[in-house]
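Please walk through the fold of this protein, starting with the overall picture and moving on to the sheets, the helices and a few single residues. Explain each term where it comes up.

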Amino acid sequence: MSKFTSPDLMKLNNKKRILEIIYKQKNIYRAQIAEMTTMSNQTITNLVKELLREGLVKEVTMEKKSKGRNPMALSINDSMNHVIGIELSVNGMKLGLYDLALNNKREINVSSDHSNLESLKENIENLRLFSGSNKILGIAISVEGIVDELSGLVIKAKDTGFDRVNLKAELAYFDIPVQIRNDVNMLAETDSERHNNRNYMLVKIDRGIGAAFVLNGKIHRSDNNAAGEFGHTSVFTLGNKRLCRCGKKGCLTTETSMTALESKLGLNIGQMASMVEKNEPEIMEVVEETAEYISQPLSNIVTVLDLNKIILTGSVVTTFGDYFEKKLHEKLFEKLNAWGSFNEVETLGQYNMSDRSARCAVESYFTVSNFDIEE
Ligand SMILES: [Zn+2]
């Protein structure tokens, strides 16, 4: 059974194509849509009528440019449609209800002790009720761990309360499209607009260490969903190697993650931050040493993939501050030859993961290739 033979499906695809054009072009006239597609004017008029009735699209009056009657332009009905953005991390759960312009309408925070599937379902229902007659077009969930984006299965996300849970299956009864992403991939995916770069890497150095790769302008996704497990690159190959929770010895994360640093130094984040602020030699040495350790696998990846840029984020980066970024920059350049494209290290400061998830939900809804088309 071919999915392209059904007239209903063709109509659905045409409608989604129109919706995508209106979303991407902002204010656009029906005639311009016709020029951009192979659809007839009549088909566009009919489908737009349906989109208007469904409240997804609205008519807007553009500035009058000539005499006579001006046609109405079309734009997405931002305020009457919502999405839900969710972050699932070791620190707990954060949910936000947003309109399509990404204005936050309501936020719910759940501590890690109460972060579980039951509470997730309950809180999605709370946001759905709060949304009232507005339609919820999508839910996107960022998970601190390894996920299968296609099936929705959380493959590995220890300490989040969602390890081995299939989120798409569990939330299917809401009848709302659900997107699920690894947190670092979600960050990279929702950050790419900002960059002209088509080849870069985003590294999160936090309680764990993860990375996302944007290659030729697209997020790199691997067969086993484990691409970007940068923390488990082998760095410490000689001497007294620590056992990693992945089962190997000498992984980068065993010395340079925030968890490793806390246990190694017997200090918490706040204590480290205040020592860095005072430039205490003891901590500055650790900052430099951490930059050296991380620069080793990082420079190899940059060389092999010929990346332009590295974006750093995570609690180690923010706690160690400018000095860390400076040292990492220096140490990377020491290890790179002149043939490559690499030119900068950038730090990504504060961000809100439920905002990012909401952006992903909106983008996914309005991008034809991302639609879940049922046969
Ligand atoms: Zn490991």
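**Overall picture**

In the protein, 61% of the contacts with a separation of 6 or more are between residues 24 or more positions apart; two residues are in contact if their C-beta atoms, placed from the backbone, lie within 7 Å. This is a predicted model, in which local features need pLDDT of at least 70 and side-chain atom pairs count only at pLDDT 80 or more, while totals for chains, interfaces and linings use all residues. Residues are numbered from 1 along each chain as its sequence is written.

The secondary structure comes to 12 helices and 14 strands. Helices (H or I, at least four residues) and strands (E, at least two) are DSSP runs, numbered from the N terminus. Along the principal axes, the C-alpha atoms fill a box of roughly 75 × 50 × 45 Å. Of the 375 residues, 36% count as buried. A residue is buried if 20 or more other C-beta atoms lie within 10 Å of its own, exposed if 12 or fewer, and partly exposed in between, with C-beta atoms placed from the backbone.

**The two sheets**

One open sheet has 5 strands in the order β5-β4-β3-β6-β9, with mixed pairing. Its edge strands are β5 (104-111) and β9 (178-182), each of which pairs on one side only. From one strand to the next, the twist averages 15 degrees. Two strands pair if DSSP finds at least two bridges between them. Strands β3 (residues 81-89) and β4 (residues 92-99) are joined by 8 bridges in the antiparallel sense, and the bridge partner of leucine 88 is methionine 93 in β4.

Helix α4 (residues 117-131) packs on this sheet, where it touches β3, β4, β5 and β6 (135-143), and its direction makes about 20 degrees with that of β4. Helix α12 (residues 353-365) lies across β3, β4, β6 and β9 and runs at about 130 degrees to β3. For such angles, axes are lines fitted to C-alpha atoms, for helices over the stretch in contact, and the values run from 0 to 180 degrees between N-to-C directions.

Another open sheet of 5 strands has the order β12-β11-β10-β13-β14, again with mixed pairing. At its edges stand β12 (218-219) and β14 (344-347); each has a single partner strand, so one side of each lacks a neighbour in the sheet. The pairing of β11 (residues 209-215) with β12 is antiparallel and takes 2 bridges, with leucine 215 opposite lysine 218 in β12.

Outside these two orders, strand β1 (residues 57-60) runs antiparallel to β2 and is joined to it by 4 bridges. Glutamate 59 has leucine 74 as its bridge partner in β2. Leu74 and Ile76 form the covered face of β2 (residues 73-76), whereas Ala73 and Ser75 form the uncovered one.

**A bent helix**

Helix α11 (residues 315-335) lies across β10 (200-205), β13 (309-313) and β14, running at about 180 degrees to β14. Although α11 has 21 residues, its end C-alpha atoms are only 25 Å apart, short of the 30 Å that a straight helix would reach at 1.5 Å a residue; the expected span is 1.5 Å times one less than the number of residues. At glycine 321, α11 bends by about 110 degrees, the bend being the angle between axes fitted to the seven residues ending there and the seven starting there. Among the buried residues of α11 are Val316, Phe320, Phe324 and Lys327.

**The core**

A nonpolar core is a set of buried Ala, Val, Leu, Ile, Met, Phe, Trp, Tyr and Cys residues joined through C-beta atoms within 7 Å. The largest one has 84 residues, of which Ile84, Ile139, Ile141, Leu202, Ile310 and Ala361 touch the most other members. Helix α10 (residues 281-305) gives the most to this core, with 7 residues. Leaving aside neighbours within four places in sequence, isoleucine 310 is in contact with Tyr200, Met201, Val203, Leu298, Val302 and Val345.

**Single residues**

Most residues other than glycine have a negative phi. Arginine 164, in the loop between β8 (153-156) and α5 (167-170), has a positive phi of about 65 degrees. Aspartate 306, in the loop between α10 and β13, has a positive phi near 50 degrees. Arginine 164 is exposed, because 9 other C-beta atoms lie within 10 Å, and aspartate 306 counts as exposed with 12 C-beta neighbours inside 10 Å.
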